[in-house]
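Got the viewer open? Load the model, pick a plain cartoon view, and keep the selection box handy for a short tour.

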Amino acid sequence: GARRLDGWFAWVEPDGAGQYCVKQYGVFHWFFALLLVAMAVMALITTFSVAFIFIRRRLKRCARGGSNEAKARRMQQRHAEEAGGDRAAAVTAVIPCYLPNEQDIIEETINWIMHRVESPGALQVLVVYNTPRDLPEVEARLHELQACEAWPQGRRLRVMRVMDSKSKAANLNAALKCIEDPYVVIYDADHHPEAASLLLLFEKMVRKDQDCVQGSYYMRNLSENQFGCSPWSFPCLARIIDAEFFTDWFLMKLVTRTFFLGSGYFSGSNALWRTPVLAAKQFSETAQTEDVDMAIQQLLDGSRIEFCAESRSGELAPMTCAAMWKQRLRWTIGWDETSLKHGGAFADAGRLRCRARCGLVWTFLVRWAMTLLAVGSVYVGVPVTLVWTLTDEHWGKLIANAGTVCFAAGCGPWAFATLEAALRAPDRGWQGAIQVFFVFLVASPFGFASFFVFNLLLQVTSCFKISTGRVKGWEVTARGPPKASKATADEADAVDVAGVASVCASKAGDADSRSMGADVEAGSDAQSTTSSEA
């Protein structure tokens, strides 16, 4: 009898005597219904968008009849054969570095890029660093490497200390003034790009006539801290972050680019730029996330930016929950500060089309409303529905059906993310096979709920710090010396670091004279460690 009495906007309440009373929706029911309907619509849009990205990627591969990597190598060959082509496609790889924190990994990164990364033209590596105190041994070693002429393919290394720098942004601004090559790629000091990553960025930039192409990241220290259970560590933290990054880069960022923003955006590292475009703007030395600030500046100026998820670079994951919290809190504060700083410009007249402006509003401002919507519908609704199950009798057809659609549609990105990881597993061998399992966990409704709680805490903390003026200086993500492992042993075989070191050592006599001109001495070297940027 109860099932015949319920309706779309009414619920049934037993009176304890075997009778049923039909009650119309009240204020709470309508509020809950609107939240669930909004979430159901967003879940459906997300699922259809992810499905479109997944299917389109497969169709493009079939239509092209060849990989982008093969096309990139053919383009590299053409530039090599053309007169002056090597210089026309010349690239400067900039590695900003906060030396005390990254002194144990910077040389490894230099050797990796010099030996492993293929370039469409001549390649020069520019290490631009700041340090609050002199580090004679480390700095002498860097200048020794700069003086070396044994790098493959005639590649050159330049080392530049920015004496008055207290941030990564200041390092980058100083570097851009010294670059003469037509293209510049930025790598963080812990990044190890894949061999063809730069070729893929260049091929897409030329093919689609872009000003910037942003590659993706993955975690390369997956074997560390897999089973840590101390209060400040979490089992398999690096693998969980790796799975999160995979889902974001290969699906969710492309959803934003295709359906909302109409463009990619700069994310800081593993990004290839046309030098004049990047040098026309200044990195903000006060922003917590100078890359997001630069991204908005460039988008507002009409710069064309694309994503290239296939161009991958491995970075080091934070190894403790405390380090991850500090890093993500800086990211969250940076996004919030930059959104507030530039939000008013999203509606101003300029070079952007209407779609691009709406996309900026959606990407940088509407996310706060979406957070509140998710809190209300999930973390208020779930406890209530544990007491009164989500059935027509308890909630009426509108709420019950909206809740069912939310859950069913939410499983769509989960399925497509897992399938994408499975199809790409051969790219990383047995690590790719393990990644499929972690993508399955992270992209699941349980994984989504867990990350949402974490991100909600970050958002609340960020809003509190910004509103109370308690945002402190930039906090460095802790780095440690590289640990010996089978992977690093294999890399040592492929990258003859010892051989390069011995050749460079023989030229150490003129290292100082070669390197003095590369130093930028624009001020005092009294710097604050807590406000310096890696």
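Helices (H or I, at least four residues) and strands (E, at least two) here are DSSP runs, numbered from the N terminus. Residues are numbered from 1 along each chain as its sequence is written. This is a predicted model, where local features need pLDDT of at least 70, side-chain atom pairs count only at pLDDT 80 or more, and totals for chains, interfaces and linings use all residues; side-chain values use heavy atoms, with hydrogens and water left out.

**The whole chain**

Colour by secondary structure and you should have 22 helices and 10 strands. Of the protein's 534 residues, 53% count as buried (buried is under 20% relative accessible area, exposed over 50%, partly exposed in between, with a 1.4 Å probe and protein chains only). Now think about contacts, meaning heavy atoms within 4.5 Å. Among those between residues at least 6 apart in sequence, 81% join residues at least 24 apart.

**Stop one: H19**

Select residues 445-468. This is helix H19, with 24 residues and a reach of 34 Å from first C-alpha to last, close to the 34 Å expected at 1.5 Å a residue (the expected span is 1.5 Å times one less than the number of residues). Show side chains for Gly447, Phe451, Phe452, Leu458, Gln459 and Ser462, which are buried in H19. What covers them? Bring up H10, H13, H15 and helix H18 (430-442), which are among the cover. Just after H19 comes Gly469, with a positive phi near 70°.

**Stop two: the cores**

A nonpolar core is a set of buried Ala, Val, Leu, Ile, Met, Phe, Trp, Tyr and Cys residues joined through side-chain atoms within 4.5 Å. The largest one has 65 residues, and Val94, Ile241, Phe266, Trp273, Leu278, Phe283 and Leu360 touch the most other members. Helix H10 (residues 237-261) gives the most to this core, with 13 residues. A second, separate core of 37 residues includes Leu99, Ile113, Val185 and Met205. Centre on Val94 next: setting aside neighbours within four places in sequence, its contacts include Leu126, Val128, Leu172, Ile179 and Tyr187.

**Stop three: salt bridges**

Look for a side-chain nitrogen of Lys or Arg within 4 Å of a carboxyl oxygen of Asp or Glu; by this rule there are 26 salt bridges. Pick Glu420 and Arg57, whose closest N and O atoms are 3.2 Å apart. This pair links distant parts of the chain, with Glu420 in helix H17 (residues 392-424) and Arg57 in helix H2 (residues 27-64), 363 residues apart. Both Glu420 and Arg57 are buried.

Move on to Asp336 and Arg367, which meet at 2.8 Å, N to O. Asp336 sits in helix H13 (residues 321-342) and Arg367 in helix H15 (residues 366-378), so the pair ties together parts that are 31 residues apart in sequence. Asp336 and Arg367 are both buried. Add Arg58, Glu310, Arg424 and Asp427 to Arg57 and Glu420, and you have one network joined by salt bridges that share partners.

For another pair, try Arg274 and Asp209, at 3.7 Å from N to O. Is Asp209 buried or exposed? Neither quite: at 41% relative accessibility, Asp209 counts as partly exposed.

**Last stop: out on the surface**

Finish by selecting Leu386, in helix H16 (residues 381-387). Leu386 is exposed, with a relative accessible area of 69%.
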